[in-house]
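Colleague: Please take a close look at one contact inside this model, and then set it beside the contact between the chains. Plain sentences will do, as I am new to this.

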Amino acid sequence: MSFEAYPLVSDWLNAHDDRLLIHTGKVDIGQRISTALIRIVQEELSLPPSRLDIAPVRTGHAPDEGITSGSNSIEQSGRAVAAAAATVRATILDLAVSRHGGAAADWKIDDGFVHRPGTNLRLDLIDLIRDLPPDLPIDPGRPRHVPEQAPLPAMRGIDDMVQGSFTFVHDLDLPSMWHARRISPPHAKATLRDIDQTKIENIEAKGLQIIRDGSFVAVAGAGEWDVVKAATSLGLACTWDQGGGLPETDISAQLAPENAERFRVVDGTPQNGSVPAPLDAPDMSARFERPYQIHGALAPSAALAEWTGDTLLLRSHSQGIYPLRAAIADSLGLTTSQVEITHVPGSGCYGHNGADDAAFEAALIAMARPNTPILLKWSREDEHVWEPFAPAMAVQVDAKLADGRIIAFSAEAYSDTHRGRPRPGPNRAGPAKLLANRFRAIAMDAYVSPPNMGTHAGMHRNLDPAYAFPDKRLVKNLVRGLPHRTSAMRCLGAVANVFAIESSMDEIARQADADPIAFRQAHLDDPRACAVLHELDRRIQARGQLRDGIGRGIAYAQYKNVMTRVGVAVEVAVTDTAEVRLDHAIIVADAGRVIDPLGLTAQLEGGFMQAASWALCEEVRWDRDGIMSRDWDSYPVIRFDNVPVIDVVLLNTSDQPSVGAGEASPGPTVAAIANAIYDCIGLRLRRMPFTADALTQAALEI
Amino acid sequence: MGACHAVSVSLTINGTRHDIASDLDTPLVYVLRDELKLKGTKFGCGLEQCGACAVMVEGKAVLSCVTPVEVFDGKEITTIEGIAETEIGQRVQRAFVEETAAQCGYCTPGLVVAAVALLENTPTPDSETTKRALTPHLCRCGSHPRVLKAIKRATTT
């Protein structure tokens with residue numbers, strides 16, 4: 001837990017001028033953690049939001065909370081900040097009593113002041129906080145003070161966002177700063193043979209600098225457009241050894257038991273030892289697949305680096321500034337105290353995108369030109385081609401039925417690793433996971449991650465169905481050596497696993513001629529899950545008869561089996577050209593006590609839209625010569641012309657702890673869309689994405 | 001480019017005339033961001049595929065990441081920094097805030113510009129018209145439903 005490593009109030013809360021600064025190691029990546037943290041402190045201390053702010057998230061200053069991922073921010077940072085604020089509340093009341101008398105109950109905290117009704121004693125809360133001992137420990141046992149009504153804070157930064165004055169790392173502009181661009185190899189197997197010397201001289205004659213370390217090549221200069229043009233011309237001046245090209249592997253065939261390291265999964269945790277035999281003569285058997293997909297951040301990755309000759313100062317939109325600092329320091333032979341990384345927002349990232357790689361590359365360029373701030377920006381093509389992809393997955397589901405109920409259920413997941421982040425570890429794991437280290441003169445091999453044996457982690461996240469089946473057989477199959485670098489993307493394995501399980505539930509319910517919601521409820525022993533489905537059913541009934549040509553599908557999952565419970569219903573139509581049109585959606589969620597209802601709703605809706613894009617549009621394509629998905633035309637994503645009306649319902653379970661929701665809706669969304677397509681046209685889509693071509697192909701296979 | 005005679009471009013941006021020093025082939029977005037330090041207009045793709053770089057040119061939303069600055073010579077351009085100079089601009093910005101129509105905010109300036117251009121030409125667009133006008137714009141956080149609500153709100157308040 002975060003506050004076990006950082007046990008002092010002052011690790012999390014500090015008076016600064018007339019404001020209270022909240023320290024966190026979690027960063028805003030569009031999930032509004034800063035807004036939620038401000039609300040937590042605002043509730044506890046009755047401080048107006050204008051007197052609260054989030055401290056810059058910088059190594060050496062912020063708590064080290066690892067990576068901002070896994071929908072953990074509210075449980076980790078949120079819990080620590082809440083406990084620190086509760087401790088502050090109790091302690092300042094004691095302080096007021098010791099200084100001015102009375103009992104703690106005689107004092108009230110209101111609107112930034114501690115006052116004693118009936119007297120003119122009115123003390124500024126932040127002045128009192130300034131007087132707290134710096135070594136005051138957090139008392140985790142303090143009950144939280146939650147007012148019945150507190151005004152909702154506006155989303156932090158939104159005023160600046162609509163005015164164009166919100167600063168992204170891309171917008172930094174320091175005096176004497178240079179811009180930089182990298183020269184991408186044609187593909188991951190290529191190595192640089194030569195650069196045309198005449199072109200080099202032409203570029204250098206314009207006052208630009210070329211940086212080369214093995215096959216890592218970049219160009220830097222004062223003017224951004226000059227650098228962009230030089231990068232194009234330098235790219236054309238490079239000749240590459242192709243190294244046999246990219247393997248044109250049939251991934252679907254590779255995702256098979258004979259290629260895998262296999263683990264039985266019990267209660268969400270992989271076990272060493274033998275894997276149980278498959279179900280004998282299953283009544284239902286189907287395989288589901290997801291292709292490689294990209295995070296596809298709207299802003300290509302960027303970073304600002306400056307090397308002072310002694311210290312490397314970096315600004316990055318990385319989700320994990322401390323692990324990145326360790327990986328970069330190790331790569332460059334520096335101590336961690338010589339590297340300082342400050343988080344500056346990028347665009348939404350949805351997992352491990354190019355941010356860390358761009359930060360390291362900016363550092364390599366900056367080291368070649370000391371005392372010059374270097375703003376490196378990846379191009380759109382760099383981001384599409386070189387970010388770590390979400391791994392392709394396959395999930396085999398088998399089930400046995402008796403009397404219309406499932407009596408045995410088997411799910412086997414197959415994929416490459418979801419763990420590509422540059423975390424420190426054995427065999428210089430951190431540096432080995434930074435892209436440029438594969439291309440530098442002293443090149444490192446691609447890192448082979450050990451199997452993730454964590455509970456509900458990696459590919460086996462949500463492999464364990466929420467249902468109380470009498471017999472469950474769950475298997476994780478780690479397949480390595482596949483063609484592409486892969487890492488964490490929003491939900492990890494939960495997308496493919498929930499797609500597979502909830503498509504299967506739909507298929508089995510139909511075989512049993514059962515209502516899909518009642519069929520699920522009959523297999524659930526979790527009353528909160530049943531309540532989510534009950535509310536979903538009520539909302540569906542309220543919509544009345546479906547119009548002609550519209551199909552409806554539903555799905556349910558609880559993210560990581562312990563976080564937010566989500567039921568999704570989707571209504572779709574299929575056009576004459578086999579395009580799936582999203583018409584209407586309902587999302588019912590139980591996230592425990594809700595801190596920021598708007599933020600929660602936005603996360604659930606956003607998760608729906610991203611999952612709809614994965615479900616309907618997205619697939620990385622490649623051939624021998626390289627990745628073919630290089631921009632938004634060759635890798636289409638969902639656009640405004642296919643946005644349904646989405647009704648979000650948050651169940652009121654304010655007596656339950658808050659749990660993360662940033663990744664709760666995507667899995668059920670993909671499955672609900674697949675189930676809706678079946679309901680609409682009778683075709684069972686078992687491979688994402690459900691494009692017009694896929695629908696046409698499925699129709700031909702009937 | 002004309003080395004033998006001086007060629008210069010001037011733009012009126014948010015009501016102020018600027019003589020441009022950048023090379024004539026520079027796409028407008030780099031002139032705005034680097035020469036004029038107007039960082040609100042975002043670069044997303046450089047291919048006119050994502051809409052992050054939209055600005056308003058004589059009442060229409062135009063993508064600024066490909067077309068060279070010389071093509072805009074003499075034109076009146078409104079960027080996100082100047083969008084609040086009209087009542088519609090203020091209304092759209094207010095509606096985006098009231099509907100919390102952003103997550104990471106990177107697509108937001110382009111969407112605000114597109115929404116203002118839409119409402120200046122079509123004061124009460126139906127839902128299909130709005131969706132069509134926004135289809136050149138990508139949002140990867142999935143704020144689409146809130147953006148559509150914000151534009152609806154801006155037409156009715």
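**The interface of two domains, and then of two chains**

Modeller: Across the interface of domain 1 and domain 3 of chain A, the rule finds 1 salt bridge. A:Arg593 forms a salt bridge with A:Glu43, and the closest N and O atoms of the two are 2.9 Å apart. Bear in mind throughout that this is a predicted model. The rule also finds 2 residue pairs in polar contact across the interface of domain 1 and domain 3 of chain A. On the side of domain 1 of chain A that touches domain 3 of chain A, α3 (33-45) and α4 (73-100) each supply at least two residues. The largest share of that side, 5 residues, comes from α3(A). By class, the side of domain 1 has 4 nonpolar, 6 polar and 5 charged residues.

As for where these parts sit in the sequence, domain 1 of chain A covers 2-147, domain 2 covers 170-243 + 295-386, and domain 3 covers 494-700. The C-alpha centres of domain 1 and domain 3 of chain A lie 38 Å apart. In this pair, 15 residues of domain 1 are in contact with 15 residues of domain 3. Together the two domains bury about 1,100 Å², with 49% of it on carbon and sulfur atoms. Within domain 1 of chain A, A:Arg32, A:Ser71 and A:Glu75 lose the most area to domain 3, together 41% of what that side buries.

Now the chains. Chain B has 5 helices and 5 strands. With 157 residues, a compact globule would have a radius of gyration near 15 Å, and the 16 Å of chain B agrees with this. Between the chains, 49 residues of chain B are in contact with 52 residues of chain A. The area buried there is about 4,400 Å², and carbon and sulfur atoms give 58% of it. B:Gln103, B:Tyr106 and B:Arg140 supply 19% of the area that chain B buries against chain A, more than any other three residues.

Chain B and chain A have 8 salt bridges between them. The side chains of B:Lys39 and A:Asp173 meet in a salt bridge, at 2.8 Å from N to O. The count of residue pairs in polar contact between chain B and chain A is 24. Among the helices of chain B, α5(B) gives the most to the side that touches chain A, with 6 residues. That side of chain B has 24 nonpolar, 13 polar and 12 charged residues.

Key: Residues are numbered from 1 along each chain as its sequence is written. Chains are lettered from A and ligands numbered from 1 in the order in which they are written. This is a predicted model: local features need pLDDT of at least 70, side-chain atom pairs count only at pLDDT 80 or more; totals for chains, interfaces and linings use all residues. Side-chain values use heavy atoms; hydrogens and water are left out. Domain bounds come from an automatic or database domain assignment. Contact means heavy atoms within 4.5 Å. Buried area is the accessible area (1.4 Å probe) that two parts lose on being put together, summed over both. A salt bridge is a side-chain nitrogen of Lys or Arg within 4 Å of a carboxyl oxygen of Asp or Glu. A polar contact is a pair of N or O atoms within 3.5 Å; within protein, one must be able to donate a hydrogen and the other to accept it, and residues adjacent in sequence count only if both atoms are side-chain atoms. Helices (H or I, at least four residues) and strands (E, at least two) are DSSP runs, numbered from the N terminus. Ala, Val, Leu, Ile, Met, Phe, Trp, Tyr, Cys and Pro count as nonpolar, Asp, Glu, Lys and Arg as charged, and the others, Gly among them, as polar. The radius of gyration is taken over C-alpha atoms; the globule rule is 2.2 Å times the number of residues to the power 0.38.
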